[in-house]
Amino acid sequence: MDMLELIKSRRSIRAFEQERPSRAVIQECLEAAIWAPNPTNQQPWEFIVLAGEKLAKVNACIEQQFFERMQGSGYDDLPEVCEKRKDEIMETISKAAEQEGINPGQFFEKMLRFFDAPVAVLFLHYARDEDSYKYGTAAALQNFLLAAHARGLGSCWLGIVTICQEDIKALLEIPDDKTLLGGVAVGIPVKDSTLNTFERPRVPANELTTWYGL
Ligand SMILES: Cc1cc2nc3c(=O)[nH]c(=O)nc-3n(C[C@H](O)[C@H](O)[C@H](O)COP(=O)(O)O)c2cc1C
C-alpha cells in the first residue's frame, strides 16, 4: 500500500479479536518505532509488551486505581474549537458503543482494560522537565501504530492509562527515572464493529495552512 494511503487509512481500533498477535509481528512494529526522529539520537525510549497474566494484572491495577487518581485531572480550558471537536467525537463514540450494546460506563471500563486487546505496549522515556523526550517517543509510538496497521493489526493509543502511571510503575518495577508516555492496545480488529468503523472527520489541511512563496 502507498504510504499516504496507509497513513490515511489507520484508525484507532476499540474492538479486538481475542487471537493474540505473534511476538514476531510486535517485534517488527517496535523495529519501526526505533527509527523515529528523536532528540540528537539519544533514543530516550523503552517499551514494555504485555499479554496474558501480566496484562490482566496491569488492567486490574488500572481499574482499581483509576477513579481515585482521576480526581483533579482532566481537560480544563480547551480552546473552544477543540472542545467542540472533542464533544462531537465523544458523542459519535458513545453512539457506536451503544450500537454494539455497550453502555457508556461499560465502554469506559473497557478503555481502562486496553479495550480487552490481547496485547498492550507501554511507551516510556527517561523522565525530563522539558518535552523533547516526549516528542521523540510520541514519534516512535506513531511509527509503531503505522507498522501495526501495515501488518493488518489494529491499535489504539491510550493516554488515559498514564493517570495510573505510579501504580503501573510500582507493579512492573519500572524505575523512577522513567515516565510513561502512553499505552497502546494491539490486536486483530473486529471487522464490522461500529466501534472500529465510525467516521473520524478531519479539518482539511488547506484550511489549517498558511502558504508563503509556494
Ligand atoms: C495523546 C493521545 C492520547 C489518546 N488517548 C486515548 C484514550 O485514552 N482513549 C481512547 O479511546 N483514545 C485515545 N486516543 C485516540 C484518539 O481518540 C484518536 O486518535 C482520535 O479520536 C482520532 O481518531 P483516529 O486515531 O481513529 O484517527 C489518544 C490519542 C492520542 C494522540
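A polar contact is a pair of N or O atoms within 3.5 Å, and this cut-off is applied below to a predicted model.

**Exercise 1. Describe the shell of residues around the ligand, by number, class and origin.**

Begin with the count: 13 residues surround the ligand, and the closest are Ser 12, Arg 14, Gly 159, Arg 200 and Arg 202. Next, sort the shell by class, which gives six nonpolar, two polar and five charged residues. Finally, ask which element supplies the largest share of the shell; this is strand 3, spanning residues 154-158, with three residues.

**Exercise 2. Find polar contacts between the ligand and Arg 10, Gly 159 and Arg 202, and state how much of the ligand the protein covers.**

Take the side chains before the backbone. Arg 10 places a polar side-chain atom 3.0 Å from an oxygen atom of the ligand, while for Arg 202 the distance from a polar side-chain atom to a ligand oxygen atom is 2.8 Å. Gly 159 takes part through its backbone, where an N or O atom lies 2.9 Å from a nitrogen atom of the ligand. On its own the ligand has 620 Å² of accessible area, of which the protein covers 68%.

**Exercise 3. Classify the packing of helix 2 against helix 6 and of helix 3 against helix 7.**

Two packed helices are described by the angle between their axes and the distance between the axes.

For helix 2 (residues 23-33) and helix 6 (residues 132-150), the axes come within 7 Å and cross at roughly 140 degrees. Helix 2 is therefore oblique to helix 6, and their crossing is right-handed.

For helix 3 (residues 52-70) and helix 7 (residues 165-172), the axes are 9 Å apart and the angle is about 150 degrees. Because angles over 145 degrees count as roughly antiparallel, helix 3 and helix 7 are roughly antiparallel to each other, and helix 3 passes helix 7 in a right-handed crossing.

Notes: Residues numbered from 1 in each chain as written. Predicted model: local features only at pLDDT ≥ 70, side-chain atom pairs only at ≥ 80, totals over all residues. Heavy atoms only, no water. Near = heavy atom within 4 Å. Polar contact = N/O pair within 3.5 Å; in protein donor to acceptor, adjacent residues only side chain to side chain. Areas by Shrake-Rupley, 256 points an atom, 1.4 Å probe, with all protein chains shown as cover. Helix = DSSP H or I, 4+ residues; strand = E, 2+ residues; numbered from the N terminus. Nonpolar A, V, L, I, M, F, W, Y, C, P; charged D, E, K, R; others polar. Axes fitted to C-alpha atoms, helices over the stretch in contact; angles between N-to-C directions. Parallel < 35°, antiparallel > 145°, perpendicular 65-115°, else oblique. Left-handed = near helix turned anticlockwise from the far one by under 90°.
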